[in-house]
Amino acid sequence: MNNRIINWFKFASPQTFYPLAGKMIPWFWALTALFGIAGLYIGFFVAPTDAQQGEGYRIIFIHVPASWMSMFIYLVMAFWAALGLGFNTRLSGMMASALAPTGALMAFLSLWTGALWGKPMWGTWWVWDARLTSELILFFLYIGFIALQSAIDDPRRADKAGAVLALVGVVNIPIIYFSVKWWNTLHQGASVSLTRSPSMAQTMLWGMLLMALAFWMYSIAVSLARVRAIILERERHAGWVADLEEVRS
Amino acid sequence: MDGPSLPAALGAVIRRDLLLAMRRKSDVLTTLFFFIIVVSLFPLGVGPEMAMLRQIAPGVLWVAALLATMLSLNRLFAADHADGTLEQMALSAVPLGVLVTGKVIAHWLLSGLPLALLAPVLGLQFDLAAGSLAVLVVSLLIGTPVLSLIGAVGAALTLGVRGGGVLVSLLVLPLYVPVLIFGAGAVEADLTGLGATAHLSLLAAFLALAAFFGPWATTVALRIALE
């Protein structure tokens, strides 16, 4: 029992995590490719054409997973941030800052594909719908996090300041979501109801789930690669970094 | 080792910050005039139709209040950080959270309160009725302390950071969204005859939440900045 705990904490050190992450990355890339190919195949060739929305609906195979990941990554980021503040572990802060760009990318993708989907379906690029608006604000929160971290030169302070911001953000996200939702229902005129979800064909659901898994694995792979770069940058004065094969060559 | 009692310390910080502001009135007045100018620009940009102005008035006044509060956040900690007062506060026997609360209260007395008192005059330019003006003042009185409390977290996080002034807007404005929605919503609900009680109650709920978590998060952020 005791051994297991020690083993977990062993990987909290950048020195031991760096090679572990290096070993894990190819596996996550392989899973990304696997789920991605399967999901795209189902999405484009197996899933039937939607009766109301035609072929255009297929954009949800990108849009929905991207939105899910954008929210999920913020939670994971806040989790690492809390861990970093609580235990004062260096790796947690690095994980949080490695996750932020991917989260921002997902939020942006979700907004972008949402606009592309909205044009043929609703006849407009953008509506001030509750989900769109809160996704936009989530994107702003990511940008704020990244901007704050990049403005602070001392990496330890950047980690901690970012952690406080991420935690304040995570407390605020439900409040923001419900405020925006209420605001939206009060302004009935401009809104388009997204809530009556049409019953989805089984194959569509499978395609979406597979794509969500692909996005998930992609996020892990990219974040691990980014955290390795951050480790190298921050630990460049450490002896073990100088001994690495890729650094010596 | 007996420090001063907590209410005494709180009062002392508030008094000190108010006194400092009175000696340098231009800081406070600049924010107020910024508020007035921004609000007065909207009719020039949108056009002088009273019906439309009445419709956009709550949003315009609230967004201007948001921006004015945000501009004044810099002076919350920056001067004390520069001359080392903040470090002395962190070292004092009184919990830093209490002192931070005092500073936030002083900040609200110097930014939020004048804005709320000034708003009805500007509301008249937008042809708001007396009842709506009263709701506007009440919503600002409840809402602007939340802005000061959340803003203090942002100000503490960006203390001594490159480009802190612009950065703080990026951090804080997304977090102001719920206050904006319900603050402007209260006035709008009154205009449409729905009654503003629900909005004002929710604003008060935000105030309770922010009053509890805000100083605490600000303290953590200050300690990080002072490390």
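# Exercises on a two-chain helical model

A:Y142 touches A:A100, A:G103, A:A104 and A:A107, leaving out residues up to four places away in sequence. Keep that tyrosine in mind as you work through these exercises on a predicted model.

## Exercise 1. Place A:Y142 in its surroundings

Task: Find which helix holds A:Y142, and decide whether A:Y142 is buried or exposed.

Solution.
- Step 1. Start with the address: A:Y142 belongs to helix α5 of chain A.
- Step 2. Next, count neighbours. A:Y142 has 27 C-beta neighbours inside 10 Å, and the cut-off for a buried residue is 20 or more.
- Step 3. A:Y142 therefore counts as buried.
- Step 4. Now look at a distance. A:L99 is 43 residues from A:Y142 in sequence, and their C-alpha atoms are 9.9 Å apart in space.
- Step 5. Turn to A:M77, whose contacts include A:L99, A:A100 and A:G103 when neighbours within four places in sequence are set aside. A:A100 and A:G103 also appear among the residues that A:Y142 touches.

## Exercise 2. Describe the two folds

Task: Work out how many helices and strands chain A has, and do likewise for chain B.

Solution.
- Step 1. Chain A has nine helices and zero strands, which gives the pattern α-α-α-α-α-α-α-α-α along the sequence.
- Step 2. Chain B has eleven helices, again with zero strands.
- Step 3. Chain B has a radius of gyration of 18 Å, close to the 17 Å that the globule rule gives for 227 residues, so chain B is as compact as a globular protein of that length.
- Step 4. Along the principal axes, the C-alpha atoms of chain B fill a box of roughly 65 × 30 × 30 Å.
- Step 5. For burial, the share is 39% of the 249 residues in chain A and 48% of the 227 residues in chain B.
- Step 6. In chain A, 79% of the contacts with a separation of 6 or more involve residues 24 or more positions apart. In chain B, of the contacts between residues at least 6 apart, 79% join residues at least 24 apart.

## Exercise 3. Read the interface from the side of chain A

Task: Which elements of chain A give two or more residues to the side that touches chain B?

Solution.
- Step 1. Begin with the totals: 23 residues of chain A and 21 residues of chain B take part in the contact.
- Step 2. The elements of chain A that fit the description are α5 (130-151) and α6 (155-186).
- Step 3. α6(A) supplies the largest share, 14 residues.
- Step 4. By residue kind, this side of chain A splits into 18 nonpolar, three polar and two charged.
- Step 5. Now find the largest nonpolar core, which has 139 residues. Those with the most contacts inside this core include A:M77 and A:V164 from chain A, and B:L61 and B:Y176 from chain B.

## Exercise 4. Look inside α4 of chain B

Task: Which residues of helix α4 of chain B are buried, and what covers them?

Solution.
- Step 1. In α4 (residues 74-82) of chain B, the buried residues are B:R75, B:L76, B:F77 and B:D80.
- Step 2. Their cover includes α2 (25-46), α5 (85-91), α6 and α8 of chain B.
- Step 3. Just after α4(B) comes B:G84, with a positive phi of about 85°.

## Exercise 5. Positive phi outside glycine

Task: Where do A:N88 and B:D127 lie, and how exposed is A:N88 or B:D127?

Solution.
- Step 1. Recall the background: most residues other than glycine have a negative phi.
- Step 2. A:N88 is not a glycine, yet has a positive phi of about 60°. A:N88 sits in the loop between α3 (60-87) and α4 (90-122) of chain A.
- Step 3. With 12 other C-beta atoms within 10 Å, A:N88 is exposed.
- Step 4. B:D127 has a positive phi near 65°, in the loop between α7 (112-125) and α8 (130-157) of chain B.
- Step 5. B:D127 has 13 other C-beta atoms within 10 Å, so B:D127 is partly exposed.

## Exercise 6. Check the confidence

Task: Which element of chain B has the lowest mean pLDDT, and which the highest?

Solution.
- Step 1. For chain B the mean pLDDT is 87, and 99% of its residues reach 70 or more.
- Step 2. Among its elements, helix α9 (residues 164-172) has the lowest mean, 84, and helix α6 (residues 96-110) the highest, 91.
- Step 3. For the model, the scores are ipTM 0.83 and pTM 0.85.

Methods. Residues numbered from 1 in each chain as written. Chains lettered and ligands numbered in written order. Predicted model: local features only at pLDDT ≥ 70, side-chain atom pairs only at ≥ 80, totals over all residues. Helix = DSSP H or I, 4+ residues; strand = E, 2+ residues; numbered from the N terminus. Contact = placed C-beta atoms within 7 Å. Nonpolar A, V, L, I, M, F, W, Y, C, P; charged D, E, K, R; others polar. Core = buried A, V, L, I, M, F, W, Y, C linked by C-beta atoms within 7 Å. Rg over C-alpha atoms; globule rule 2.2 N^0.38 Å. pLDDT = per-residue confidence, 0-100.
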